[in-house]
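Could you walk me through this structure, one selection at a time? I have it open in my viewer and would like to know what to click on next.

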Amino acid sequence: MAQIAPEEQEQLEQIKSFWKRRGNFILLLVVALLATFFVWNQWQSRQQNQALQAAAMYDELDKAFLVGDTTRASEVFADLKSRYPQTFFAQQAALLIAKLQFDSTQLENAKASLAWGKDNATTDEYKAVALLRLAAVLVELKKFDEAQLLLAVSPSASFEGLFADRRGDVFLMLDKPEQAIASYEQAWKTLDPKMDYRVFVEAKLAALGVMATQPLVAVTGVVE
């Protein structure tokens with residue numbers, strides 16, 4: 001049997017001593033890492049399964065939307081937002097069913113769907129879209145004060161021009177042309193010049209007697 005050199009024997013003793021002192025801790029650490037890896041894989045798998053199921057439900061809602069079946073669409077949306085409220089598909093569904101409800105003159109239902117979309121949005125962009133559409137529904141319901149509160153501040157800087165435009169619409173409904181002009185001017189200046197919607201803002205200003213390139217001017221008597 002080969003003899004162990006004194007230096008090797010010393011190293012071996014040091015390893016044994018270290019293992020006695022730290023062995024349990026190392027084993028626990030390894031177990032914890034393995035458990036974390038397992039839990040992460042399980043979570044990833046569950047997220048993928050939920051996304052697939054949510055996608056299937058959204059597809060079902062889209063089919064109901066295409067044929068104008070508000071009853072079926074409402075049933076699917078209720079199930080989707082109950083089971084998978086934080087998914088992309090639930091947020092998209094809120095916008096889709098609200099349009100169907102709005103087109104079917106179910107304004108209170110559209111309001112509720114968009115309010116849910118606003119409250120459960122996972123990004124500022126989705127929240128901004130929900131707020132803009134909700135404000136439009138509130139205008140139809142003649143709830144102008146509520147609409148103004150919603151439009152006070154955009155949750156996303158990229159939507160500020162659209163918020164200003166919608167504020168102008170509310171002021172116009174309240175027969176406040178000067179404030180409407182100011183809001184439309186802000187919208188026109190804020191919107192990207194390449195954005196097609198900017199033409200509609202120009203048309204609104206023109207209807208109020210103001211050129212989009214002019215400084216803000218209120219024209220007396222332009223609104224009957």
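## Two helices side by side

Helices α3 and α5 are roughly parallel to each other. Keep in mind as you look around that this is a predicted model.

To see the pair, select residues 88-103 for α3 and residues 124-140 for α5; their axes cross at roughly 20° and come within 11 Å. That angle falls under the 35 degrees that count as roughly parallel. Turn the view a little and you can follow the left-handed crossing in which α3 passes α5.

Next, show the side chains where the two helices touch. From α3, pick F88, Q91, Q92, L95 and F102; from α5, pick Y126, V129, A130, R133, V137 and E140. Sorted by class, this contact has 7 nonpolar, 2 polar and 2 charged residues.

## Along α3

Stay with α3 and go from end to end. Its 16 residues reach 23 Å from the first C-alpha to the last, close to the 22 Å expected at 1.5 Å a residue. Colour the buried residues of α3: A90, Q91, A93, A94, L95, L96, I97, A98, L100 and Q101. Then step just past the helix to T105, which takes a positive phi of about 60°.

Now click on Q91 in α3. Why does Q91 count as buried? Its relative accessibility is 4%, and buried means under 20%. Leaving aside neighbours within four places in sequence, Q91 is in contact with Q86, N120, A121, T122 and Y126.

## On to α7

Select V170, which lies in helix α7, residues 160-173. V170 is buried, with a relative accessible area of 1%. Which residues does V170 contact, leaving aside its neighbours within four places in sequence? They are V139, F144, A147, Q148 and L151. Try a distance label from V170 to V139: these residues are 31 apart along the chain, and their C-alpha atoms are separated by 6.9 Å.

## Last stop: α7 and α8

Add helix α8, residues 177-190, to your selection; α7 and α8 pack at an angle of about 165°, with their axes 8 Å apart. The two helices are therefore roughly antiparallel to each other. Here too you can look for a left-handed crossing, as α7 passes α8. On the α7 side, the contact is made by E160, G161, A164, D165, R167, G168, D169, F171 and L172, and on the α8 side by Q179, A180, S183, Y184, Q186, A187 and T190. Coloured by class, the residues of this contact divide into 6 nonpolar, 6 polar and 4 charged.

Key:
Residues numbered from 1 in each chain as written. Predicted model: local features only at pLDDT ≥ 70, side-chain atom pairs only at ≥ 80, totals over all residues. Heavy atoms only, no water. Axes fitted to C-alpha atoms, helices over the stretch in contact; angles between N-to-C directions. Helix = DSSP H or I, 4+ residues; strand = E, 2+ residues; numbered from the N terminus. Parallel < 35°, antiparallel > 145°, perpendicular 65-115°, else oblique. Left-handed = near helix turned anticlockwise from the far one by under 90°. Contact = heavy atoms within 4.5 Å. Nonpolar A, V, L, I, M, F, W, Y, C, P; charged D, E, K, R; others polar. Expected span 1.5 Å × (residues − 1). Buried < 20%, exposed > 50% of the residue type's maximum accessible area, 1.4 Å probe, protein only.
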